[in-house]
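Here's a quick briefing to read with the structure open. Have a look at the chains first, then come back for the details.

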There are 4 protein chains.
Amino acid sequence: MSTQSRITLGLIGTGRIGRLHAEHLRFRLSAADLRAVTDLNRDSAQACADRCGIVRVAADHHEILADPEIQAVVVCSPTDTHADIIEAAAEAGKHVFCEKPIEVSLPRIDRVLSVVEHAGVLLQIGFNRRFDANFRRIRQAVAEGEIGTPHQLHIISRDPGPPPVEYIRQSGGIFLDMTIHDFDMARFLIGSEVEEVYATGGVRIDPAIGEAGDLDTATILLKFADGTVGIIENSRKAVYGYDQRVEVFGSKGSIEAGNNYPNTCRIAGAEGVGRDLPLNFFMDRYTQSYLDEMAQFLEAIVTGGRPPVSGVDARAPVVMAMAARLSVQENRPVKLAEIEAQVVSG
Amino acid sequence: MSTQSRITLGLIGTGRIGRLHAEHLRFRLSAADLRAVTDLNRDSAQACADRCGIVRVAADHHEILADPEIQAVVVCSPTDTHADIIEAAAEAGKHVFCEKPIEVSLPRIDRVLSVVEHAGVLLQIGFNRRFDANFRRIRQAVAEGEIGTPHQLHIISRDPGPPPVEYIRQSGGIFLDMTIHDFDMARFLIGSEVEEVYATGGVRIDPAIGEAGDLDTATILLKFADGTVGIIENSRKAVYGYDQRVEVFGSKGSIEAGNNYPNTCRIAGAEGVGRDLPLNFFMDRYTQSYLDEMAQFLEAIVTGGRPPVSGVDARAPVVMAMAARLSVQENRPVKLAEIEAQVVSG
Amino acid sequence: MSTQSRITLGLIGTGRIGRLHAEHLRFRLSAADLRAVTDLNRDSAQACADRCGIVRVAADHHEILADPEIQAVVVCSPTDTHADIIEAAAEAGKHVFCEKPIEVSLPRIDRVLSVVEHAGVLLQIGFNRRFDANFRRIRQAVAEGEIGTPHQLHIISRDPGPPPVEYIRQSGGIFLDMTIHDFDMARFLIGSEVEEVYATGGVRIDPAIGEAGDLDTATILLKFADGTVGIIENSRKAVYGYDQRVEVFGSKGSIEAGNNYPNTCRIAGAEGVGRDLPLNFFMDRYTQSYLDEMAQFLEAIVTGGRPPVSGVDARAPVVMAMAARLSVQENRPVKLAEIEAQVVSG
Amino acid sequence: MSTQSRITLGLIGTGRIGRLHAEHLRFRLSAADLRAVTDLNRDSAQACADRCGIVRVAADHHEILADPEIQAVVVCSPTDTHADIIEAAAEAGKHVFCEKPIEVSLPRIDRVLSVVEHAGVLLQIGFNRRFDANFRRIRQAVAEGEIGTPHQLHIISRDPGPPPVEYIRQSGGIFLDMTIHDFDMARFLIGSEVEEVYATGGVRIDPAIGEAGDLDTATILLKFADGTVGIIENSRKAVYGYDQRVEVFGSKGSIEAGNNYPNTCRIAGAEGVGRDLPLNFFMDRYTQSYLDEMAQFLEAIVTGGRPPVSGVDARAPVVMAMAARLSVQENRPVKLAEIEAQVVSG
């Protein structure tokens, strides 16, 4: 690909995910031309630039947005900056790839989406798991009717261990921080909207998480518009590693995705037959999906197509998370329409 | 084993399950001495007796209960006769093995259990799946702490196809007819009582089932006293066969049981890598568990021990089924205490 | 089945396998009428008769063969008595089921087969593994062309532990004692005759086996008339249990059979993901196949059909074992024709 | 890593594998500084340079070897040029990574290795499969004694389809072209030298391959110095895709590696339970191993250590291939010492 046809980008936020995107844009996506990076922590930005051979470290995101040669930005800054940066970028005419979530306030999300729409730029949200080979295969089976009409969905999503309590305290709670990926996955896989949520949870892993006002274990039941009923099982700690499995059952069969392992070996010894633990770290588990989401973002810019994860896709899981939170508080099923009504009346 | 120490039995009801028990008692359980069979359908009883080489076909269950040489009866007659026969058998001093459920009226169940207790005979209920090698292994893992404290339970229980609508019409509904096995399994595996049920379901397989006033697809969420949250997924029709899987997740790991297959072969061809369908028929899938439950019934009689599935175990799933039905009707979680309160006040 | 149409049998030899057949004939095969048992060890025979409720313990096999009411005998006596008993039984007009091998002397086998043929009775050899669900499924796939023309065969056959050295000393060597089952399996699965054998082996488990003149580990390469090349891997000791796997690769795909396990459970813990060991004992692993071979023997008598494992099937693996032994001695491939030539010239 | 400490390289040969290495060196290995590429086909070299942003397209390998700033070369040119280029590179003081094999003439290989040793440069051979996660895990299990002393090895190596007959005609035959990878794998996994080979093969896939003087199906038996016996099963065509499996059985257990799949999904439908085909293309299957072998080559240069696949490792499989060829021709086991003796006397 000749240089002039490559997409010019700036990267805002060089934390763990930001650095991953930087490497992908620089070394693995020939359609990308990553021109500048920035971070509140200047040293972090400089280190990222050095590692990836990026010439320019911008003072802040304003500098990047002011650069007329930059077509798109990748936003990996802290969550509470997402809304402002997306708006500023859109107003500057830049396409935006932003890590999830945009915001946790629905009115604020709606204003952001309005600004984006008005500006006519593309916005893609970083629900990378949609691009995972296992889950894409399930989506394909559902979409192409391989398993007929879906009836039941089961998502297992367990982390290898909880984040620090300080993180949890400001995370917005397990539904907004962790389940939000599964809410997105549920919508993506079934291709129908969720109408009602019943959630239950507890503190089974660490009392400190409860003291911080959060849950560490949750089971959520979802009712979809098309009649499918879904279950999400979450835990902050699976001792055997990162547990990410899905099954969809339908009128013509079922499809299930198991975990990913570092190798296919099985060892038989005097004590049993076993294998190594599944991949433990989400960046190992989803390496390829992080790459693929970015490739599709670039592709959407080049072709002028719709990004594969839209602003609507950013908003819906937040509504679901709010419904889940209310459902736990009041121990009753909560319709998403009830949450929407609050937004309007609020 | 010498003849005099064998347990003498009579069998009441020679339908499909009755015949299976007859063969087990006659040919595979050397501790049993099956002396007589009876059935409202005399030809059925005679055919069973001929096949198994049983000399006596009794006119009815009264004749069997009147025989002083018979120590125990196996009750496989229609559900609506169970309560009366159990009471009559207990009053005649016979130990009783009875297929599930005893009854669907809780006050009636309570009277039966009271009669049995007063008579001092053993009563075992035919929740055969508890004796399945897969589920026993899971129970063992939970009981011995192999997976630590249980946090989440997931039961998949799907039939290969729905029964005739006429059967469904008088079945008491999916929760009493089908889920009742899973309710029992949930209590058995976790070893804690369920306190609350939230159930949801629909008609996804056959509208005629809905017209008969029943559901054919259901997802049920259970809250246990020990904090475990369980999920049951039911369907009347899995095109790939009888789908009976369980997973328990706990603080030290998880254990899952897959389906049983007719062979272990995997075939790789130009279209994919596959295997034959799982065992399709519940009597093939659970052959061994039917045998093992009866062996333990005989063992309990010989040793004077407690039967492995008690009258309490017969009653609890009925309460759960009622809670599930109410939960679907009113779309809210229902505490089992609410059902119990109705019994007292009713 | 009415009593008069059942096959009347006598059982000769009430060791481990004899007792298993007795139980099957008595309790699980309604077409059988086991009338008498005998054993050189009278106590063993009496215990077997008591356990199975068989009225008559014969003094010896002559008494059984002299009984005009007995149609067939099951021969489970020591190997060195097989040839004489088969001949005597055939001459007495009894059908014969005999455990493998008939004999290790090919001329002696040939005389036995000649006597059997002349007498016009049925002779079935106890290669029970042919009746195993896994291996039958593989045979079916080959026979029906599911995997096209077979090109390569791989048999893994490993015992959980070696027999006592005293047993090994009189066993005829690993090829006649252990591999003989795999030689039969090879012929059965491919449906073509083996023409050449190249065998290699060593003493890797226990030097005492070597001192007894035998091998405990062997790898054998087979060339079939149809061009298929097969491999057999044998070991006297797999610490993880009884290891019985097969794979056939062909022009349209491959089919492989894994081991059988006591349950389908998988446990994920902090150390790995594992399952219990495979079934460890050949009588657990092949319970059903022992039953099924006997059922087919009875069926062949009833219908007058050919037994599924013939006298030719008894002879061929012995030739292969001799070729394997010679191959190891001289470290060269040996054609079966060379062994046959020795018989003729011998 | 600062620019000056990166290893400067030139790439010779921009065919399929050459381009893969170019991309890895350019985009995924930060320790590499790929300065120049060349190919007899100038357009191919230019296209590769354009794609990877490499400034210089050299006229030929001499130009690359003459560049004093280049420290190492990666040789991906046709096999018959390997020996000359390695020698020239070594004499020019360049470290060499060369695709297998160096040559098929043992005296020629020996001269090359002598030149390399005299020059004191590093030589690494492209047996990339050693770096595959599955096979490294097996090697680890063997090396660390997880499965005890190895007794038996089984390698399955089947291609999805045969190469064009023109390619086969000049390939040196299946043993030098295809099995050579498995010969290397056998030595690598067991960590002991092979002393004797017995090979057998046929033409089962395509008569044209036979007419070209080659085999398309082979089974090879290996005897190792440590007593292990190995089997290799090769086919030019597995309709289900690239089939690369290994199992090692030892005194304490066994370890087996299965194929790699594009996803972990299993689909259960009315016809069976299946999954998608394994990865079909060797460059997909071994992507990561191609990357890892190059990373270790760079690492060896940086640290001055021994390359993980040495000149000896290049030579040994060629000897094994020659023994295999002779074994098929004469249908007898062939000791490698016999091949070596021919080299000396030849």
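The notes below cover symmetry, one sheet and one chain-to-chain contact. Keep in mind that this is a predicted model. Chains A and C are related as by a two-fold rotation axis, and strands from chains B and C pair up across their contact.

**How chains A and C relate**
- A turn of 180° with a shift of 0.0 Å along the axis lays chain A on chain C, with an RMSD of 0.0 Å.
- The two copies are thus related as by a two-fold rotation axis.
- Both copies use the same surface, as 100% of the contact residues of chain A turn up again in chain C.
- Looking for the axis? In chain A, Gly274(A) gets closest to it, with its C-alpha at 1.9 Å.

**The six-stranded sheet in chain D**
- This sheet is open, pairs in parallel and runs in the order 3-2-1-4-5-6.
- Strand 3 (56–57) and strand 6 (123–125) of chain D sit at the edges, each pairing on one side only.
- Strand 1 (residues 7–12) and strand 4 (residues 72–75) of chain D run parallel, joined by four bridges; Gly10(D) in this chain faces Val73(D) of strand 4.
- Helix 1 (residues 16–28) of chain D packs on the sheet and touches strands 1, 2 and 4. Its direction makes about 150° with that of strand 2 (32–38) of chain D.

**Where chain B meets chain C**
- Each chain puts 26 residues into the contact.
- On the chain B side, helix 1 (16–28), helix 6 (133–143), strand 12 (253–257) and strand 13 (265–269) each supply at least two residues.
- That side of chain B comprises 11 nonpolar, nine polar and six charged residues.
- Strand 13 of chain B runs antiparallel to strand 12 (residues 253–257) of chain C, with five bridges joining them. Arg266(B) has Glu256(C) as its bridge partner.

Key. Residues numbered from 1 in each chain as written. Chains lettered and ligands numbered in written order. Predicted model: local features only at pLDDT ≥ 70, side-chain atom pairs only at ≥ 80, totals over all residues. Least-squares fit on C-alpha atoms with pLDDT ≥ 70 in both. Contact = placed C-beta atoms within 7 Å. Pairing = 2+ DSSP bridges. Axes fitted to C-alpha atoms, helices over the stretch in contact; angles between N-to-C directions. Nonpolar A, V, L, I, M, F, W, Y, C, P; charged D, E, K, R; others polar.
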